[in-house]
Amino acid sequence: MEKLLKWSISANSQDEESKKRAGQPDPELLAQLFGGPDEPTLMNESMKVINNPETDLENKEVAFDNFEMLIENMDNANNIENMKLWPPLLQNLDSEHISLRRYACSCIGTAVQNNPKCQEHFLKHSDGIKKLISISSNLEEDDSVKLKALYALSNVLRHNKPAYEEFSSQGGWDEISPLLTSLDNSNEKIKLRTLSLLSSIITNGLSEEVIEHLHNNKVVISMLRVLKAEGHIASIDKVLSLLTTLVQNKFIFSDEEVSLIRQSLTTIAELEDRLNNDDLTTINTFVKVEHIKQLKRSKKQ
């Protein structure tokens with residue numbers, strides 16, 4: 001009560017400096033004062049509703065929506081582990097209902113986004129990454145669920161080497177090229193999410209293993225197939241950004257990859273005014289340098 005009284009006096013003061021120092025009142029103290037439940041309690045109650053077999057689907061969706069709003073707060077996201085809510089959350093990845101699978105993936109992505117502590121908590125639950133990979137690569141899965149699974153994977157893997165190692169050991173690399181090139185996958189949003197996942201992987205560095213997968217799994221070639229005149233601008237821009245990152249990190253492209261980059265630049269030439277100029281300049285310069293190197297090698301032969 002004393003804390004709330006001090007806050008109230010400062011907040012109503014004419015002194016702007018006092019108002020800034022006062023900040024915002026503690027939500028838990030306010031909850032105690034007015035008799036409402038605190039946020040951890042609301043999280044717990046929401047999860048009980050979500051996993052209650054007696055609750056209808058509509059109310060489960062409302063509870064999931066509330067839960068996700070609560071865990072947008074980093075402290076609440078970290079409390080998922082403290083409150084032992086990861087297992088009941090993850091079990092919804094296997095739900096028979098599309099919406100609950102989608103919500104589960106979305107909540108994972110929201111909780112771990114830019115949150116190393118929560119990323120670490122998520123990894124304690126061994127099947128999490130494996131299930132997300134399975135959902136994102138399942139041809140029978142609804143596209144809206146795939147999108148959220150890819151969103152979750154991207155956020156889990158970003159700047160997180162242990163998560164990347166788990167992703168790699170679970171065969172995650174095998175799914176990237178098919179997601180980018182499958183004729184069954186006409187959803188451009190899925191391609192864009194897959195490219196974002198690839199970007200997250202690269203934040204962990206270009207180790208020999210990553211380089212090997214980029215070549216052997218035909219990931220670079222699959223990326224280049226996204227570069228079409230009739231392609232999705234956001235996806236094309238993302239590919240150009242990824243290529244620029246690889247060039248700047250001294251990635252050694254194969255002759256086939258360099259040739260395809262050159263062809264792709266010609267293909268998307270008419271879109272230049274709609275694309276990132278810095279990335280285009282970097283890649284065009286790279287292609288010219290590689291062409292000069294190739295000419296020199298030819299002369300020596």
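The paragraphs below lead from the whole chain of this predicted model to its salt bridges, a charged surface patch and two unusual backbone angles.

Looking at the whole first, the protein chain is built with 19 helices and zero strands. Of its 301 residues, 43% are buried. When contacts with a separation of 6 or more are considered, 70% of them are between residues that are 24 or more positions apart in the chain. Towards the outside, the protein chain exposes about 16500 Å², and carbon and sulfur atoms supply 48% of that area.

With this overall picture in mind, one can turn to the charged side chains, among which the count comes to six salt bridges. One of these joins Lys131 to Asp94, where the closest N and O atoms are 2.8 Å apart. The pair links distant parts of the chain, since Lys131 belongs to helix 10 (residues 128-137), whereas Asp94 sits in the loop between helix 7 (86-90) and helix 8 (98-112), 37 residues apart. Lys131 counts as partly exposed, at 25% relative accessibility, while Asp94 is exposed, with a relative accessible area of 53%.

Another salt bridge is found where the side chains of Arg101 and Glu141 meet, with 2.9 Å from N to O. Here too the pair links distant parts of the chain, with Arg101 in helix 8 and Glu141 in the loop between helix 10 and helix 11 (143-157), 40 residues apart. Are these two residues buried or exposed? Arg101 has a relative accessible area of 13% and is therefore buried, and Glu141, with a relative accessible area of 10%, is buried as well; the reasoning rests on the cut-off, because buried means under 20% relative accessible area.

A further salt bridge is formed by the side chains of Glu188 and Lys191, at 3.8 Å from N to O. Both residues lie in helix 14 (residues 188-202), three residues apart, which is about one turn of the helix. Glu188 counts as partly exposed, at 25% relative accessibility, whereas Lys191 is buried, with a relative accessible area of 15%.

Charged residues also gather on the surface, where Glu165, Glu208, Glu209 and Glu212 form a negative patch. Which helix gives the largest share of the negative patch? That share, three residues, comes from helix 15. Glu212 has its place in helix 15 and counts as partly exposed, at 49% relative accessibility.

The last stop is the backbone, where a general expectation is helpful: most residues other than glycine have a negative phi. Lys218 has a positive phi of about 55 degrees, although it is not a glycine. Where in the chain does Lys218 have its place? Lys218 is in the loop between helix 15 (208-216) and helix 16 (219-224), and with a relative accessible area of 43% it is partly exposed.

Lys250 likewise is not a glycine and yet has a positive phi, in this case of about 60 degrees. Lys250 lies in the loop between helix 17 (233-248) and helix 18 (255-267). With a relative accessible area of 70%, Lys250 is exposed, because the word exposed is used for values over 50%.

Key
Residues are numbered from 1 along each chain as its sequence is written. This is a predicted model: local features need pLDDT of at least 70, side-chain atom pairs count only at pLDDT 80 or more; totals for chains, interfaces and linings use all residues. Side-chain values use heavy atoms; hydrogens and water are left out. Helices (H or I, at least four residues) and strands (E, at least two) are DSSP runs, numbered from the N terminus. Buried means under 20% relative accessible area, exposed over 50%, partly exposed in between (1.4 Å probe, protein chains only). Contact means heavy atoms within 4.5 Å. Accessible areas come from the Shrake-Rupley method with a 1.4 Å probe; for residues, only the protein chains shown count as cover. Patches are made of residues with over 30% relative accessible area and no salt bridge: like charges are joined within 9 Å, nonpolar side chains (Val, Leu, Ile, Met, Phe, Trp, Tyr) within 5 Å. A salt bridge is a side-chain nitrogen of Lys or Arg within 4 Å of a carboxyl oxygen of Asp or Glu. Lys and Arg count as positive and Asp and Glu as negative; His and the chain ends are not counted. The place of a charge is taken as NZ of Lys, CZ of Arg, CG of Asp or CD of Glu.
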